[in-house]
Amino acid sequence: MCGIAGILQLDGAPASAAAVQRMTDAIAHRGPDGEGVWVEGAVGLGHRRLAIIDLSEAGRQPMATADGRFVVSYNGEIYNFRELRTELQALGHRFRTRTDTEVVLAAFAEWGLAALPRFNGMFAFALYDRAERRLTLARDRFGIKPLYWMAEAGRVLFGSEVKAILAAPGTAAALDAEALVEYLTFQNFFTDRTLFRGIRLLPPATALTLTPGRPVERTTWWDFDFREDEAGDDAALAEACDRLFRQAVSRQLVADVPVGAYLSGGIDSGAITAVAAPQIPGMRSFTVGFDLNSASGLELGFDERAKAEYMSYLFGTEHYQMVLKAGDMERAMPALAWHLEEPRVGQSYPNYYAAKLASRFGKVVLAGTGGDEVFGGYPWRYYRAVVNDDFGHYVEKYYAFWQRLLAEEELPRVLAPVWPEVRHVAPREIFAGVFRRHAEAMTRPEDYVNHSLYFEAKTFLHGLLVVEDKLAMAHGLEARVPFLDNDLVEFGMRLPVRCKLGSLAEVVRIDENTPGSKRAAFFERTRDGKKLLREVLQRYVPERVSQAVKQGFSAPDASWFRGESIAYVRRVLHDRKAAIYDVLDRAAVLALVDEHLEGRRNRRLLVWSLLYLEAFMRAFLVDTGQRRVA
């Protein structure tokens with residue numbers, strides 16, 4: 001796990017080693033164990049190293065093949081690198097190190113882009129072919145590792161984080177107002193846009209081929225494909241799932257440093273820890289809980305420390321925990337905005353503190369991300385997609401549900417200062433553009449559910465992964481996600497819908513702003529969602545965990561925003577000089593915020609997003625003199 005950065009001068013001008021050094025310095029937190037810069041002609045590659053496998057100097061990057069033809073700056077872990085190494089040795093390749101980096105080089109030298117589907121792991125890399133003067137930027141199939149790029153002024157800049165690109169001479173941050181429309185609709189980005197004008201996030205499973213004097217070539221080498229063709233009865237499918245789950249966890253324990261685990265109190269992280277702990281004597285586990293003195297109602301169940309402590313006792317881990325209070329959000333916000341850069345999918349500051357805790361005791365941590373998105377963990381979302389007149393009706397209903405912050409009719413008022421510039425942006429078209437298949441593929445309710453699973457894997461899961469990476473690497477920590485093992489995901493995508501959800505006849509309407517009563521009542525009545533996976537994982541965790549209501553990793557912010565944090569909310573959002581009011585209408589914003597503060601409507605997701613946007617603008621625009629929208 002590392003940080004990469006670099007430059008390709010498309011105009012043939014020589015790349016600057018000093019510029020590449022500045023770019024890698026900007027992401028030094030991603031790799032405190034070493035650094036390197038390689039420059040030749042028009043290309044420059046930079047690297048910051050977090051040493052996980054082969055801790056010797058032999059793992060230093062950028063790394064070249066023995067013949068010097070290929071040079072790579074690589075970030076990630078290929079968990080099947082030993083198997084690939086054996087295969088490549090049989091083909092005549094010789095290796096000088098024990099790193100997976102060298103396997104990536106040899107695989108690309110042998111198979112080119114066809115090597116990418118062979119990699120079981122997480123990665124983002126820049127690989128230069130000196131013979132062809134060709135640079136390849138590539139990202140793993142699920143989007144676990146980020147890679148940003150920008151083409152401007154005869155050059156391409158790229159890096160693991162946006163701040164690496166902004167550190168290059170001649171660049172400056174500017175807000176992308178069109179992307180802001182997308183974010184304020186979905187609390188996420190469904191395209192490759194970011195809040196930074198001109199800077200794009202390379203989509204998952206995508207490779208860019210860049211050669212001076214030639215057009216950019218974009219290759220999508222994999223995609224999610226949810227369809228029902230996994231044969232076997234439920235008992236056989238459960239055994240197969242169990243085998244693949246254990247295999248996935250064991251694969252991701254490869255490391256030359258200690259591996260720990262998040263232990264949230266839920267079934268996914270609990271089962272991962274249960275499988276990993278016997279293989280790692282003295283394994284450490286980490287939990288973040290919440291002070292509930294001012295919480296009310298169902299928020300009183302948000303603190304899962306007791307269940308995590310019980311599982312730690314059962315699994316024999318060395319357990320550490322942290323308790324967050326209302327003021328911790330405000331304290332973390334400046335650093336959070338700087339490291340996260342672009343906001344996605346909900347309140348993420350608890351993740352920041354969880355990574356901070358885990359990083360005190362090691363460099364690698366296992367996380368439970370991915371099980372819900374692959375195996376159907378959000379039934380209250382999918383059921384609204386079941387009863388449809390046609391594909392267009394399905395899109396309209398699902399689009400209405402995924403307007404998480406502002407409804408489309410609210411956008412003109414809130415974005416009034418820039419509305420003439422962005423009124424052409426069509427959130428519905430952005431939403432519909434996510435779906436890969438055509439309407440004629442939709443013949444049964446199960447088809448619509450599989451489309452919903454596809455949509456969430458492409459959007460919601462991707463957002464979670466961006467947050468997971470940025471906030472772990474803010475503390476020099478590698479987060480691994482066993483549920484996104486290639487084989488386990490392929491199996492999960494082909495499971496019959498009946499193995500994920502119960503009766504498709506029951507349509508449930510639940511507001512995503514409210515992780516509470518309706519969701520809890522629905523689960524208590526149906527025990528639905530992740531049916532097969534839950535059956536498998538309950539073999540590893542106690543019943544009080546396996547049969548508990550699903551609880552996301554969320555603080556009791558709905559109460560805090562009306563209580564201890566109300567002064568913070570008002571101080572930031574009522575400030576007439578707030579940076580967000582360069583692009584948002586203050587009166588329209590405050591009318592929506594007051595709905596929450598006065599208890600008339602739960603708008604906790606919007607309140608959080610506005611607070612974050614203010615911190616973002618101050619971090620990247622105000623303090624750098626680039627406040628005005630471009």
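This is a short tour of the structure, one selection at a time.

**Before you start**

You are looking at a predicted model, in which local features need pLDDT of at least 70 and side-chain atom pairs count only at pLDDT 80 or more, while totals for chains, interfaces and linings use all residues. Residues are numbered from 1 along each chain as its sequence is written, and side-chain values use heavy atoms, with hydrogens and water left out.

**Stop 1: the whole chain**

Show the protein chain as a cartoon. The chain has 26 helices and 17 strands. Both are DSSP runs numbered from the N terminus: helices are H or I with at least four residues, and strands are E with at least two. Of its 630 residues, 64% count as buried. Here buried means under 20% relative accessible area, exposed means over 50%, and partly exposed is in between (1.4 Å probe, protein chains only).

Now switch on the surface. The accessible surface of the protein chain is about 22100 Å², and 49% of that belongs to carbon and sulfur atoms. Such areas come from the Shrake-Rupley method with a 1.4 Å probe; for residues, only the protein chains shown count as cover.

Contacts are worth a look too, a contact being heavy atoms within 4.5 Å. Among contacts between residues at least 6 apart in sequence, 75% join residues at least 24 apart.

**Stop 2: Arg48**

Select residues 43-49, which form strand E3, and pick out Arg48. Is Arg48 buried or exposed? With a relative accessible area of 10%, Arg48 is buried. Not counting residues up to four places away in sequence, Arg48 touches ten names you can click through: Cys2, Gly3, Thr24, Asp25, Ile27, Ala28, Gly31, Pro32, Gly34 and Glu35. Zoom in on Gly31, since its backbone oxygen is reached by the Arg48 side chain at 3.0 Å. This is a polar contact, meaning a pair of N or O atoms within 3.5 Å; within protein, one must be able to donate a hydrogen and the other to accept it, and residues adjacent in sequence count only if both atoms are side-chain atoms.

**Stop 3: two backbone details**

Move on to Pro62, in the loop between E3 and strand E4 (63-64). The peptide bond from Gln61 to Pro62 is cis, with omega near -5 degrees.

Next, select Arg133, in the loop between strand E6 (121-129) and strand E7 (134-139). Its phi is near 55 degrees, a positive value in a residue other than glycine. Arg133 counts as partly exposed, at 46% relative accessibility.

**Stop 4: Glu182 and Gln403**

Select helix H5 (residues 177-186) and find Glu182. Glu182 is buried, with a relative accessible area of 1%. Which backbone nitrogen does the side chain of Glu182 reach at 2.8 Å? It is that of Thr191. The backbone nitrogen of Phe190 also lies 2.5 Å from a polar atom of the Glu182 side chain. Now add Val425 to the selection: Glu182 and Val425 are 243 residues apart in sequence, yet 8.2 Å apart in space, C-alpha to C-alpha.

Then go to Gln403, in the loop between helix H13 (391-401) and helix H14 (411-414). Gln403 is buried, at 17% relative accessible area. A polar atom of its side chain lies 2.7 Å from the backbone nitrogen of Glu408. Leaving aside neighbours within four places in sequence, Gln403 is in contact with Thr185 and Glu408.

**Stop 5: H9, Glu341 and H10**

Select Glu341, in the loop between helix H9 (326-340) and helix H10 (349-359). Glu341 is buried, with a relative accessible area of 0%, and its phi is near 70 degrees, a positive value in a residue other than glycine.

Now show both helices. H9 and H10 pack at an angle of about 85 degrees, with their axes 9 Å apart. Axes are lines fitted to C-alpha atoms, for helices over the stretch in contact, and angles run from 0 to 180 degrees between N-to-C directions. H9 and H10 are therefore roughly perpendicular to each other. Angles under 35 degrees count as roughly parallel, over 145 as roughly antiparallel, 65 to 115 as roughly perpendicular and the rest as oblique. To see the contact, show Tyr349, Tyr352 and Tyr353 in H10, which meet residues of H9 including Met329 and Leu336.

**Stop 6: H24 and H25**

Finish with helix H24 (residues 566-573) and helix H25 (residues 586-597), which pack at an angle of about 175 degrees with axes 12 Å apart. They are therefore roughly antiparallel to each other. Display Ile566, Val569, Arg570 and Leu573 of H24 with Leu590, Val593 and Leu597 of H25 to see the contact.
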